[in-house]
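Hi,

Here is the structure I promised to pass on. Please open it alongside this email; my notes follow below.

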Amino acid sequence: MNTIRIGLLGAGDVADLHAEAINGLPGAKLVGLWNRTVEKGVAKAAKYGCRTYASEEELFNDPDIDAVFILTNMETHCEYTIRAAKAGKHILVEKPAASNIAELEKMQEAIAEAGVRCMPVHNYIYETGIQRAKEMIESGKLGDITQFYMLYNIHHDDEIRARYPGVIRQILTHHSYTMLYLAGRPKTISCLKHTVDDTLAPQENVAMANIKMQNGTLSHLCASFANDDHAGDPWTCIIKVIGTKGSTRYSYRDWVINARNGAHSQTYQCYPESIKNTTTHFIDKVLREGAEPLSSLEDAITCQRIIEACERSVRDGIHVDFKQNNQ
């Protein structure tokens with residue numbers, strides 16, 4: 001088995017999960033990382049058992065690197081993806097894959113020209129429960145799908161959420177690609193947002209979208225950093241698909257460890273597992289076997305269109321025709 005050699009751009013919290021997945025996967029090797037803050041990069045490299053690079057360019061030009069994981073802030077994803085592609089590296093890019101559609105299209109062009117593979121981290125759909133739901137939908141076991149729900153209520157401290165662009169881009173992006181995977185493409189979108197305590201972070205920390213899909217399914221997407229849900233059968237992170245012949249449910253609360261994990265007050269074990277599954281699919285299936293990602297960069301463009309439609313709905317107070325909004 002040829003070893004897939006990987007370099008990380010960025011050493012934040014999510015890098016811990018990707019590094020753990022790489023180091024636990026036969027046939028994969030974490031060669032090194034670059035981080036903007038040198039001291040943090042050195043500490044993380046010691047933790048992961050890899051080397052550090054003095055610059056992004058040094059990492060891109062290392063012939064011992066086959067693939068680059070872009071784990072930096074969203075605003076840098078386009079630049080780093082293009083540079084990695086020009087260097088002949090395969091690419092895993094964290095979500096949101098870019099800041100806007102124009103950037104995503106530039107990324108697509110660079111990837112096609114270089115002949116490399118690029119996969120966005122749309123990690124929810126690599127969970128076995130979501131894949132089982134997909135199989136049940138496509139086989140007709142659930143009948144006609146009438147409703148799709150994805151709800152997320154996990155409190156984030158102001159200091160943490162201040163680093164994020166708001167729950168519409170940070171969290172509804174997850175909801176969007178999961179909805180695309182299970183329920184299809186949107187037809188019309190209506191969205192509302194709210195900021196609870198804007199004294200430190202003005203970004204919205206609560207948002208809801210109601211969407212009619214092209215196939216008639218109705219979808220409800222909800223995300224909040226402002227609160228946890230501690231009621232019975234809590235809506236911490238839950239995905240539900242309802243059809244005329246059956247239904248499915250996926251919940252973070254089915255696998256919980258009573259210990260903090262990054263921004264989360266508890267460890268919802270399926271979250272790190274979903275990152276592990278994503279990393280494994282990229283290395284073993286996409287790079288080693290030539291398979292397609294379960295969610296592509298083209299899907300990331302559609303997700304960005306959904307997010308921008310949500311933002312337009314909020315800004316203008318209107319119900320957005322998704323097709324017209326993207327012509």
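Helix H9 (residues 172-183) lies across five strands: E7, E8 (186-194), E9 (206-213), E10 and E11 (237-243). H9 runs at about 160° to E7. Bear in mind that this is a predicted model.

Those strands belong to an open sheet of seven, with mixed pairing. The order is E12-E11-E7-E10-E9-E8-E15. The edges are E12 (247-251) and E15 (320-321). Each has a single partner strand, so one side of each is left without a neighbour in the sheet.

Now the pairings around E7. Strand E7 covers residues 145-153 and E10 covers residues 218-224. The two run parallel, joined by seven bridges. Asn 153 has Ser 224 in E10 as its bridge partner. E7 also pairs with E11, again over seven bridges, but in the antiparallel sense. There, Tyr 152 stands opposite Cys 237 in E11.

E11 is mostly covered, with five of its seven residues buried. Five bridges link E11 to E12, and these strands run antiparallel. They form a hairpin with three residues between them. In this pairing Val 241 stands opposite Thr 248 in E12.

A second helix on the sheet is H11, which lies across E8, E9 and E15. H11 runs at about 55° to E8.

H11 (residues 297-316) also packs against H5 (residues 101-114). Their axes are 10 Å apart and the angle is about 175°. Over 145° counts as roughly antiparallel, so that is how H5 sits relative to H11. From H5, the contact uses Ile 101, Leu 104, Glu 105, Met 107, Gln 108 and Ile 111. From H11, it uses Leu 297, Glu 298, Ala 300, Ile 301, Gln 304, Arg 305 and Glu 308. Seven of the contact residues are nonpolar, two are polar and four are charged.

Last, the aromatics. A search of the whole structure gives nine aromatic pairs. In one of them, Tyr 250 and Trp 255, the ring centres are 6.5 Å apart and the planes are at 40°, so the pair is tilted. Which of the two is buried, and which partly exposed? Tyr 250 is buried, at 5% relative accessible area. Trp 255 is partly exposed, at 44%. Elsewhere on the aromatic list, Tyr 124, Tyr 177, Tyr 252 and Tyr 268 form one cluster.

Best wishes

How values were computed: Residues numbered from 1 in each chain as written. Predicted model: local features only at pLDDT ≥ 70, side-chain atom pairs only at ≥ 80, totals over all residues. Heavy atoms only, no water. Axes fitted to C-alpha atoms, helices over the stretch in contact; angles between N-to-C directions. Helix = DSSP H or I, 4+ residues; strand = E, 2+ residues; numbered from the N terminus. Parallel < 35°, antiparallel > 145°, perpendicular 65-115°, else oblique. Contact = heavy atoms within 4.5 Å. Nonpolar A, V, L, I, M, F, W, Y, C, P; charged D, E, K, R; others polar. Pairing = 2+ DSSP bridges. Phe/Tyr/Trp six-rings, centres within 6.5 Å; stacked < 30°, edge-to-face > 60°. Buried < 20%, exposed > 50% of the residue type's maximum accessible area, 1.4 Å probe, protein only.
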